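I opened a new page for this structure and wrote down what I looked up, entry by entry.

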Amino acid sequence: MNTVLALSGDTGNRVLRAHSDPDSDSHWCFMHAERAAPIARRPCFHLLLIKEIREFQMRLCANIRQQAEAGLAPLLGHVILASDAPVFNLGGDLDLFARLIRARDRQHLMAYARSCVEGVYAFHAGLDVGLHSVALVQGDALGGGFEAALSCNTIVAETGVGMGLPEVLFDLFPGMGAYSFLSRRVGPTQAERMMLSGNIYSSEELYKLGVVDVLAPKGEGAAAVEDVIRRNRRIPHARRAMQQVAQVGGSPITLDELMRITEIWVDTAMRLGEKSLRTMERLVRAQTKRANGESADEAAPADEALVAERLVARNS
């Protein structure tokens with residue numbers, strides 16, 4: 001039987017649904033919970049979601065360390081990042097970005113970026129307690145949503161899903177881990193090409209490139225994750241050792257590396273002009289329409305329709 005992981009904060013304004021399965025030592029967190037307040041209608045990394053993901057990570061880390069002290073911690077556990085919304089995550093909070101840039105508020109933009117980096121690095125590092133992280137991508141993952149999936153040790157994606165880094169459309173780059181995580185999977189040259197193209201790739205394309213680890217038929221992603229967990233539990237020593245090898249050999253990703261890159265992202269964002277900020281705001285409107293089940297390009301200006309078509313109308 002699943003045990004609910006209670007997160008601190010206002011239970012009436014919860015945007016993360018979490019549970020643990022003690023039988024498989026797996027811990028699931030679902031973004032954009034259906035019981036959430038109106039802020040969750042746009043499935044992006046707004047401040048409340050970031051806060052609750054970090055709370056989930058810290059609580060889970062503390063629980064596993066307590067188990068370890070009592071000699072009860074499993075050799076290999078799993079943490080799974082998924083979504084209750086039709087999309088995985090549409091990325092950073094562009095509305096907040098535009099407001100902070102216009103206000104010349106570098107301090108709060110930096111605080112936002114660092115919180116995101118801490119979250120993705122925690123998934124990458126197995127919460128520093130040896131967990132194997134899995135991203136279950138059942139809907140589109142764009143920008144920061146794609147970065148969050150890339151931060152996980154294993155990406156399980158269903159067919160027909162779109163993933164990409166569209167920040168270049170408003171003259172920015174993805175600065176919360178995309179280059180570091182993607183270049184380790186496909187190499188620096190291909191990572192840079194993908195970041196500067198703004199293209200949205202299908203899950204099938206990314207599977208062929210080696211970005212997606214497991215490609216599952218539509219509606220069977222959760223079962224595919226359970227299969228990953230079962231296979232890993234048959235080889236717990238080898239799987240955990242390989243995670244350690246990845247951090248020792250080659251070029252391990254460090255929190256310092258991610259923080260230095262996100263500082264470049266903040267400095268670049270603060271230099272954006274009005275044209276880029278208006279594009280961000282058009283995307284916010286398109287994302288809101290998409291989240292509310294409306295046609296993203298219906299009754300929209302031509303340029304907004306073009307952007308919406310590329311970024312948020314794939315599954316309409």
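The entries below go from the whole chain to strands, core and hollow spaces.

**Entry 1: the chain.** I noted at the start that this is a predicted model. I looked up the secondary structure and found 12 helices and 10 strands in the protein chain. I then checked burial: of 316 residues, 55% count as buried. For contacts, I took those between residues at least 6 apart in sequence, and 72% of them join residues at least 24 apart.

**Entry 2: a hairpin.** I turned to strand S2, residues 16-21, and asked how many of its 6 residues are buried. The count is 5, and I wrote S2 down as mostly covered. I followed S2 to strand S3, residues 26-31; the two run antiparallel and are joined by 6 bridges. One bridge I looked up by residue: Arg17 has Phe30 in S3 as its partner. S2 and S3 form a hairpin, with 4 residues between the strands. In that turn I found Asp25 with a positive phi of about 50 degrees.

**Entry 3: an open sheet.** I next looked at a sheet of 3 strands, which is open, has mixed pairing and runs in the order S6-S8-S9. Why do S6 and S9 each have one side without a neighbour in the sheet? Strand S6 (141-142) and strand S9 (200-202) stand at the edges and have a single partner strand each, so one side of each is left free of a neighbour there. I checked the pairing of strand S8, residues 162-164, with S9: the sense is antiparallel, over 3 bridges. Within that pairing, Met163 has Tyr201 in S9 as its bridge partner.

**Entry 4: nonpolar cores.** Met163 came up again when I looked up the largest nonpolar core, which has 76 residues. Met163 is among those that touch the most other members, along with Leu109, Val137, Trp265 and Met280. Helix H3 gives the largest share of this core, 10 residues. I noted a second core lying apart from it, with 13 residues, including Ile80, Ala224, Val225 and Ile229. As background, I wrote that nonpolar side chains tend to be buried together in soluble globular proteins.

I also listed the contacts of Trp265, leaving aside neighbours within four places in sequence. The list holds Phe97, Leu109, Ala113, Leu172, Phe173, Pro174, Gly175 and Met176.

**Entry 5: cavities.** I looked for closed spaces and found 2 cavities of 30 Å³ or more. The largest cavity holds about 390 Å³ of space. Its lining has 34 residues, and Phe45, Gly91, Gly92, Gly144 and Glu147 lie nearest the centre. Helices H1 (47-69), H2 (94-102), H3 (106-124), H4 (144-151) and H11 (274-291) are the elements that give two or more residues to this lining. H3 gives the largest share, 6 residues. Sorted by class, the lining has 23 nonpolar, 8 polar and 3 charged residues.

**Entry 6: the largest pocket.** I then went to the largest pocket, with a volume of about 610 Å³. I counted 26 lining residues, and His124, Asn153, Gln243, Ala246 and Gln247 lie nearest the centre of the pocket. The elements with two or more residues in this lining are H3, H4, helix H5 (178-186) and helix H9 (236-248). Which element gives the largest share of the pocket lining? I found that H9 does, with 7 residues. By class, I recorded 11 nonpolar, 10 polar and 5 charged residues in the pocket lining.

Definitions and conventions
Residues are numbered from 1 along each chain as its sequence is written. This is a predicted model: local features need pLDDT of at least 70, side-chain atom pairs count only at pLDDT 80 or more; totals for chains, interfaces and linings use all residues. Side-chain values use heavy atoms; hydrogens and water are left out. On a 1 Å grid over the protein atoms alone, a cavity is a set of points where a 1.4 Å probe fits but cannot get out, and a pocket is an open set with protein on both sides within 12 Å along at least five of seven lines; lining residues have an atom within 4 Å of a point. Grid points are joined across faces, edges and corners, and a volume is the space filled by probe spheres set on the points. Ala, Val, Leu, Ile, Met, Phe, Trp, Tyr, Cys and Pro count as nonpolar, Asp, Glu, Lys and Arg as charged, and the others, Gly among them, as polar. Two strands pair if DSSP finds at least two bridges between them. A nonpolar core is a set of buried Ala, Val, Leu, Ile, Met, Phe, Trp, Tyr and Cys residues joined through side-chain atoms within 4.5 Å. Buried means under 20% relative accessible area, exposed over 50%, partly exposed in between (1.4 Å probe, protein chains only). Contact means heavy atoms within 4.5 Å.
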